[in-house]
Amino acid sequence: ASGMQLQLRRMLLQMLEFWYQTWAVDQIVPMLLRVRYLVRSFEATGCAIENACAGKQWEKIKHAVNACLAPDSPTPTLPDSDQNRRSVEIVADIAAGNASKRTYDPSQPVIRNYKPVVNGIYTPNANTRALRHVHDTDDDAVLRCISCDLRVTSRWRFVHRGTAFVLSPQSGCPVDHARLKPLHPGTPYKIDKINHLDMCEHGRTREDCK
């Protein structure tokens, strides 16, 4: 088993070096973030990665991943007042529009090859997009994986009772399926479970409407 792990780490390192020198790294960013997460998780215990088993290999992998990824840049956190103001603006923009929306049809077949996150951008499925309270906006919200720190953008909102909730995929992070939550604290959000988003004319979820 240890010999196989040695070979796998060697193959990973060769792949990273070859990919970095030959192609753009955009296509392997989720894998890079996952490897960086594993390294950082080990280092969070207070040990240097070079002191791990096969430490020399792991140190080389760490440097190769850091070379492929852009340096970390802190994202400014908007104050809660700004978050609330932006939510109100989105609600007002949607209320002023006259665009008609299709009605959710539970008889529509499920698309088997549908992927909610493609190239770092989240798009809900067709039935969710057709819901009366779900809207496509021009405002990109950043979602962050609580496990591997992967970033995904969502411009979709669930607007209900004066609040615009950022939609997040119920399948979670495309790398490890952990929850994706808004990067900015105080941003209201909802998971895109359709039975939680399909509202009746009385303002309740349709399954609870009697």
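Buried means under 20% relative accessible area and exposed means over 50%, with partly exposed in between. Keep that scale in hand, since it comes up throughout this walk through a predicted model. Arg 151 makes a handy test case: its relative accessibility is 35%, so it counts as partly exposed.

Let's start with the overall layout. The chain has six helices and seven strands. Followed along the sequence, they come in the order α-α-α-α-β-β-α-β-β-β-β-β-α. Of the 210 residues in the chain, 34% are buried.

Begin at the N-terminal end, with helix H1, which covers residues 2-22 and contains Leu 8. Leu 8 joins Met 4 and Met 11 in a nonpolar patch on the surface, and together the three have about 350 Å² of accessible area.

Helix H2 comes next, and its length is easy to check. H2 runs over residues 29-43, and its 15 residues should span 21 Å at 1.5 Å a residue; the C-alpha atoms at its ends are 21 Å apart, so the two values agree. Now look at which of its residues are covered: Leu 32, Leu 33, Val 35, Arg 36 and Val 39 are the buried ones in H2. They take up an arc of only 165° around the axis, which means that they sit on the same side of H2. The general rule behind this is that an α-helix has 3.6 residues a turn, so residues three or four places apart point the same way.

Move on towards H3 and you pass through the loop between H2 and H3, where Ala 54 is found. Its backbone deserves a look: phi of Ala 54 is near 55°, a positive value in a residue other than glycine. For background, most residues other than glycine have a negative phi. Ala 54 has 31% relative accessibility, so it counts as partly exposed.

Helix H3 itself takes in residues 55-68, and from its first C-alpha to its last it reaches 20 Å, close to the 20 Å expected for its 14 residues. The buried residues here are Gly 55, Gln 57, Ile 61, Ala 64, Val 65 and Cys 68.

Further along, there is another positive phi to visit. Asn 119 lies in the loop between strand E1 (117-118) and strand E2 (121-122). Asn 119 is not a glycine, yet its phi is positive, at about 55°. Is Asn 119 buried or exposed? With a relative accessibility of 75%, Asn 119 counts as exposed.

Now for the charged pairs. In general, side chains of opposite charge can pair when their charged atoms come close. How many salt bridges does the structure hold? There are four. One of them joins Arg 157 to Asp 139, with 2.7 Å between the closest N and O atoms. Arg 157 belongs to strand E4 (residues 151-160) and Asp 139 to strand E3 (residues 134-145), so this pair ties together parts that are 18 residues apart in sequence. Both partners, Arg 157 and Asp 139, are buried. For Arg 157, the relative accessibility is 2%, which is why it counts as buried. The side chain of Arg 157 also has a polar atom 3.3 Å from the backbone oxygen of Ser 154.

Asp 149 brings us to a second set of charges. Asp 149 forms a salt bridge with Arg 144, whose closest N and O atoms are 2.5 Å apart. The side chain of Asp 149 also meets that of Arg 151 in a salt bridge, at 3.3 Å from N to O. Arg 144, Asp 149 and Arg 151 are thus linked in a network of salt bridges. The cut-offs from the opening help here: Asp 149, at 19% relative accessibility, counts as buried, whereas Arg 144, at 30%, counts as partly exposed.

We finish with helix H6, which covers residues 194-197 and includes Leu 197. Leu 197 is buried, with a relative accessible area of 1%. Which residue can we pair it with from earlier in the walk? The C-alpha atoms of Leu 197 and His 160 are separated by 9.3 Å, and the two residues are 37 residues apart along the chain.

Note on methods
Residues numbered from 1 in each chain as written. Predicted model: local features only at pLDDT ≥ 70, side-chain atom pairs only at ≥ 80, totals over all residues. Heavy atoms only, no water. Helix = DSSP H or I, 4+ residues; strand = E, 2+ residues; numbered from the N terminus. Buried < 20%, exposed > 50% of the residue type's maximum accessible area, 1.4 Å probe, protein only. Expected span 1.5 Å × (residues − 1). Arc of directions from axis to C-beta. Patch = residues over 30% accessible without salt bridge, like charges linked within 9 Å, V, L, I, M, F, W, Y side chains within 5 Å. Areas by Shrake-Rupley, 256 points an atom, 1.4 Å probe, with all protein chains shown as cover. Polar contact = N/O pair within 3.5 Å; in protein donor to acceptor, adjacent residues only side chain to side chain.
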